[in-house]
Amino acid sequence: MKLLLVEDEASLATAVVDALSADYYVVDVARDAQEAQDYLEIYPYDLLMLDVGLPDQNGIELCRALRAQGYTQPILLLTAHNHSQTKVEGLDAGADDYLVKPFEMAELAARIRALLRRGQIAQQPILSWGELWLDPSSCEVGFADTPLHLTPKEYALLELFLRNPQRVFSQSAILDHLWTYEDPPGTDTVRAHIKGLRHKLKSAAAPDVIETVYGLGYRLKAPPENSSTTEQAQQQQNQTSKQQRTQQALAKTWQRYRTQHRQRLETLEDYLAQLSSDIGQNPKLEIIRQKAAAEAHKLAGSLGTFGFIQGSDLAHQIEEQLHTKQLSGSQLKHLRKTITALRQTFESFDATHSNFPVIAAYWSEATSSPFQTLATEHGFKLKPISNLEALNHPQAFTPPPSAWIIDLDQIPDTDPITVLTHFKQSRSHISHAPIPLILLAERADLLTRIETSRLGQHILLEKPISFERILDTLKAQLDPLNPQTNEKDKSSNLRKVKILAVDDDKSILAALDGLLNPWGLEVHTLSESKDFWKQLNQIQPELLILDIEIPEFSGIELCQVVRNDPYWSWIPVLFLTAHTEPQTVEQVFSAGGDDFVSKPIVGPELITRIFNRLERTALLRRAQQKRSTERNQ
């Protein structure tokens, strides 16, 4: 979508453009009312953001004049006056909404999305065509359960067609909608982006939604008939599945690092105990206080990433309280109360996120032991079955297992088919819902497969087989919508983008890997900054994610190092930190940082920012190479 911002304050205009560009909007900037009218006469904008205090004309007067001329697109007023009179005047002049300065970019983006949904026919928040869907709030695109990784321009093309389903767009009209006034490419670029979008849709087994109208341009094809209700249900299912997969990935990571977080909490409690008993007597108390503040800071960032928002807020409060070297009696009492509340909520959260899917496995004890460790690492809890009697009474298991693994060769002196038949009958009395069943056998010939297939749905795997293959099969059965278990996706030969993430909090690094890997991003993690330069040159990443507070060398120092090196000066750098105060943000950008994401990490926001930054960097490098080639010719 193409927007026009009328704002004479250059720094604010730049900030707005950068923020909205990250959400795939194309934004032109006019510095005064006259320039705005010139733009509006030439280009078709989807929304107008209009500052009230312009140098040559009041923004409200310009709004009134545009409405008098028949201008019908949404107008959002930006005003520094939080007075009712100013708001009433703006709305009476024809503005659709207003936003008071200073404002949060997230609120600006939300208001823009709301205004763009308005029109003669109310539009759904999620745009769709058959099983193809686009979510403007998160900039996510997918076909059925498969996410599509589009470039910003491919995303903007698809959104343009979905928002205007009956309109034919010429190549020049697409240029006017999707490129800024300052940098319009040729029509070949439009054809290249159309081709790229079609290729990615085809790769995801999606139909070609774009129809070429020869001699005129392009338009959206008519959607499949009678698909609206099913399509909306499918979208909801897809979104739910994505959320569940993210929660499962984070829950698995939480289990790996819960002990570390408990130790951090114990450090806070230890400091509180010494502070309460040794006021003014312990010379090491200041060192303990600094360590406790550092641990509270790390808890504030990491707990929120795992969905423990309440714990993150309490840790933030504790960190702020620990900045005071000499606590009064009332402050000490408040600190004690806050740490106790963190302990209580921690225990509750820990219990909730310890419920891994239970897998019942009837096989040899020698098999159970090594598989148990691997299963835990992958987010499963193994329940070994050591005797045939237990297998004959599956209804005795509480809670019921999420899946079963049965080694047919371990059934002693009995016809395995008879045992399986009894097992299936016992299971049917518990629940009619299908439950994944994986069978293992050394003799998985045709006869065995036919005999077992008569008993119903299952997966038969031939031994010998690796534990990893069993786990992959198990994941595919429990979550068929997971792109990581899709064989077609696994066989893709697309190059993965390498990312190097540096953070001394290993739980954050593990969470980053779990969030980004399903999107085709190869995440390399580093917890000790002293090894940064060696790892940077070995891995050859295309983007850096740096924490600010790292022992030995800070993230800001690492950023300055790459900016001063001619080979690495181009690489995009994204900072993660729990600090959001203005001086920290200024430090980040002064050091050469490209973007800033605050902890706790919000998955969709981080993913969108990463892909946007990668796309910008690729375009910039191609442009630089082109200019270099032209100079050498």
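Me: Where is Q540 found?

Reply: In this predicted model, Q540 is found in the loop between α20 (532-539) and β19 (543-547).

Me: What's its phi?

Reply: The phi of Q540 is positive, at about 55°, although Q540 is not a glycine. As background, most residues other than glycine have a negative phi.

Me: And how exposed is Q540?

Reply: Q540 counts as partly exposed, because its relative accessibility is 32%, and partly exposed is the class between under 20% and over 50%.

Me: What about E552, what is phi there?

Reply: E552, a residue other than glycine, has a positive phi near 75°. E552 lies in the loop between β19 and α21 (555-563), and with 58% relative accessibility E552 counts as exposed.

Me: Switching to peptide bonds, which kind is the one from K463 to P464, cis or trans?

Reply: The bond from K463 to P464 is cis, with omega near 0°, and P464 itself lies in the loop between β16 (459-462) and α17. In general, most peptide bonds are trans.

Me: On to the aromatics, then: how many aromatic pairs are found in the whole structure?

Reply: A search of the whole structure gives five aromatic pairs. One of them is formed by F161 and F169, in an edge-to-face arrangement with 5.9 Å centre to centre and 80° between the planes; both F161 and F169 are buried. F371 and F467 form an aromatic pair that is also edge-to-face, with 5.4 Å centre to centre and 75° between the planes.

Me: Which parts of the chain does the F371 and F467 pair link?

Reply: The pair links distant parts of the chain, with F371 in helix α13 (residues 365-377) and F467 in helix α17 (residues 467-478), 96 residues apart. F371 is buried, with a relative accessible area of 1%, whereas F467 counts as partly exposed at 24% relative accessibility. W363 belongs to this picture too, since W363, F371 and F467 form one aromatic cluster.

Me: Now α6, how many of its residues are buried?

Reply: Eleven of the twelve residues of α6 are buried, so the helix is mostly covered. The buried residues include E154, E159 and R163 as well as Y155, L158 and F161. From its first C-alpha to its last, α6 reaches 16 Å, close to the 16 Å expected at 1.5 Å a residue.

Me: And α8, what is its reach?

Reply: Helix α8 (residues 187-203) has 17 residues and reaches 25 Å from its first C-alpha to its last, close to the 24 Å expected at 1.5 Å a residue.

Me: Which residues of α8 are buried?

Reply: The buried residues in α8 are V190, H193, I194, G196, L197 and L201. They lie on the same side of α8, because they cover an arc of only 160° around the axis. On the other side of α8, D188, K195, H199 and K202 are exposed.

Me: What covers the buried residues of α8?

Reply: The cover includes the strands β7 (132-135), β9 (146-148), β10 (210-213) and β11 (217-220), together with the helices α6 (152-163) and α7 (171-178). Just after α8, A205 takes a positive phi of about 65°.

Me: Next, R67: which backbone oxygen does its side chain reach?

Reply: The side chain of R67 reaches the backbone oxygen of G94 at 2.9 Å. R67 has its place in helix α3 (residues 59-68), and the C-alpha atoms of R67 and G94 are separated by 6.3 Å, although the two residues are 27 residues apart along the chain.

Me: What else does R67 touch?

Reply: Not counting residues up to four places away in sequence, R67 touches T72, Q73, P74, I75, A93, G94 and D96. R67 is nevertheless partly exposed, with a relative accessible area of 22%.

Me: And S312, buried or exposed?

Reply: S312, in helix α11 (residues 309-322), is buried, with a relative accessible area of 2%. Leaving aside neighbours within four places in sequence, S312 is in contact with A300, L303, G304 and P600.

Me: Last one, what does the secondary structure of the chain come to?

Reply: The chain comes to 23 helices and 21 strands, and 47% of its 633 residues count as buried. Among contacts between residues at least 6 apart in sequence, 63% join residues at least 24 apart.

Technical notes
Residues numbered from 1 in each chain as written. Predicted model: local features only at pLDDT ≥ 70, side-chain atom pairs only at ≥ 80, totals over all residues. Heavy atoms only, no water. Helix = DSSP H or I, 4+ residues; strand = E, 2+ residues; numbered from the N terminus. Expected span 1.5 Å × (residues − 1). Buried < 20%, exposed > 50% of the residue type's maximum accessible area, 1.4 Å probe, protein only. Arc of directions from axis to C-beta. Contact = heavy atoms within 4.5 Å. Polar contact = N/O pair within 3.5 Å; in protein donor to acceptor, adjacent residues only side chain to side chain. Phe/Tyr/Trp six-rings, centres within 6.5 Å; stacked < 30°, edge-to-face > 60°.
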